[in-house]
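Trainee: Please take one part of this model and look at it closely, in a single connected account, giving the cut-off behind each term as it comes up.

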Amino acid sequence: MAKSPMETEETNRLAQVEEEEEEDDDEYFKEAWTEDENEDGDENDESLEFLCLFCDSKYGSCDALFDHCRLAHFFDFNGIRKELGLDFYGSFKLINYVRSQVADNRCWSCGVHCQSKQDLQSHLHQSVDTKDVKLLLVHDKYLNPFMQEDSLLYSFDGDEEDEEDCNASFEKEEIVKDFRNVYIDDDDDDDDGTVEDIELNAETYNKDRKTVMAVSNGHLSYACSSKGITDNGSDNGLSVRSLESLPKDKQSRVHFADVVEKDIKRVNDSYFGSYSAFGIHRDMISDKVRTDAYRQALLKNPSLLNGAVVMDVGCGTGILSLFAAQAGASRVISIEASEKMATVATQIAKDNGLLRSKTEGEGNKNCPGVIEVVHTMVENLDKSVQIQPHSVDVLVSEWMGYCLLYESMLSSVLFARDRWLKPGGAILPDTATIFVAGFGKGGTSLPFWENVYGFNMSSIGKEVVEDAAKFPLVEIINHHDLVTNAAVLQSFDLATMKPDEVDFTATAELEAKLDNLDRKATTCYGVVLWFDTGFTNRFCKEMPTVLSTSPYTPKTHWSQTVLTFREPISVAASREFAVEGSADVGTDACPASKILLRISIARATQHRCIDISLETTGVCSDGRKRSLPAQIFNLT
């Protein structure tokens, strides 16, 4: 299609601007190259280099190093120092402690032991509870430098005030400038790696005009997917260039944040655009367990909905908004970030006589025009429509993803709760619980490959199971294939939980099922996760209900999330099972009676994904234990 003269003129103007920016960039790098040559040639240069606590990057100042650790590795040295009230010696110990943990491929925060340094880089996350770390710092052994000639140990103390001054000096006007001094290499042929995936929350400053480098999910990542980074031994095939090559001055770091902000917008546009396809909405609406649970909660609790102001976050086709209007809500604010689906939801409300006119007053069940569809992310709702803070009676959303937390939409729901829900207002659902259980051979593909039209193809099945230990699987597991009891892994009270509680580490104890009547050992190939959400009588007084994705209930489109062990564990319920004292726990000769789990689920550095770390220990009837290597799964 031919462009209009105005479009042509605009294209030419943009091209001219790009050429000028390229010339500025060339001049910038020419100067930088000259400076580097001068520095290399100066034999008397005594400037210090500070080595990163987690990778091989080096920096010329503590400020730059700690910025890198905070943004790339989720380690906020100054924040942790302040939170724990560490003096110089405590901070000295903290640096040595972290270096010692990293050298052992162990997470400094949660203690997970990883197979390799690359696994550790993929696992790193924001600290869950730093109080446990402070207890470890009482050991005087951390007063001994872990790394010889560690210049960081003798230079960090003067940087704390500089960090605050730096943050306070970043004004809003600085953030919106172009990124003239930032260089991002987009050459895909460079095997040394490029910064390809950069994520940052669109919110880059707060009312105090200080820079807020908060990521969309509470994280900031320069690269989630990186060449050389492996999850359970699998190469992701992407790479990250050392952040040392990026500009380190204050202005450039702010400009770099601007680049990241634009990238997060691109990721969000892609994510919400994927919901423009009608197929996914048909799957969700056709999920009878899902839709009936919401329908019952909205239609069968008149004391909650009649005359209420309702907010529907992520309305999609608007089905929940329609239920709310049908139940007698006086106003329904339907928020949808997908432009296409916002248009569709508006048309559907109009076709059903439920669209709220901009000129009419508040509606009711006798005046059904109550639905107002707003095309925006909920975080940007104030820019589209004026809603009084804490004026919503009922907040409803179908936010759950695979393993409950995939897609990271819960953070948006909690944002809406804190901004617009009345004190004591209802959030639907109001509880969520993640469960875990062990599954046996029937939960794998082994039975299929053992008999393919009468032929034994079990060699394929074994390889498939080995590959399954590298990635989380979303599959339907039959409850008959569970070989342990189910245990609660984590529970959330959505009415009171804090946004950072989305990331958690929890333990669970699984016991072999007692229904193994022949008392023979069976094999546990991994664990399966599922969730329930509750519409409890706290808000749904007439008709509380539960939406369950359990293997024991009718299947849903969420299925279950399967984490396969690298090494199966033999389990037996009978305490009378004869064990061989010298045999390894978890083998047929010494089956485990219990499986101890430590599982961490955290929002991944890759936007809207989650990382799951799994630590497994088998315990036999005589109390002996054997731990399996920790595993890290990325649910994308």
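Mentor: Contact here means heavy atoms within 4.5 Å, and by that criterion serine 321, leaving out residues up to four places away in sequence, touches Asp312, Cys315, Val332, Ser334 and Ile371. The model is a predicted one, in which local features need pLDDT of at least 70 and side-chain atom pairs count only at pLDDT 80 or more, while totals for chains, interfaces and linings use all residues. Residues are numbered from 1 along each chain as its sequence is written, and side-chain values use heavy atoms, with hydrogens and water left out.

Serine 321 belongs to helix α13 (helices are DSSP runs of H or I with at least four residues, numbered from the N terminus), and because its relative accessibility is 1%, serine 321 counts as buried (under 20% relative accessible area, with a 1.4 Å probe and protein chains only).

The helix that holds serine 321, α13 with residues 319–326, also gives the most to the largest nonpolar core, namely six residues. That core (a set of buried Ala, Val, Leu, Ile, Met, Phe, Trp, Tyr and Cys residues joined through side-chain atoms within 4.5 Å) has 100 residues, and those with the most contacts inside it are Met311, Trp399, Leu405, Val436 and Ile601. For valine 436, setting aside neighbours within four places in sequence, the contacts include Ala486, Leu489, Leu510, Val528, Trp530, Leu597 and Ile599, and also Asn485. A second core, separate from this one, has 38 residues, among them Cys69, Leu94, Val133 and Leu153.

Methods:
Buried < 20%, exposed > 50% of the residue type's maximum accessible area, 1.4 Å probe, protein only. Helix = DSSP H or I, 4+ residues; strand = E, 2+ residues; numbered from the N terminus.
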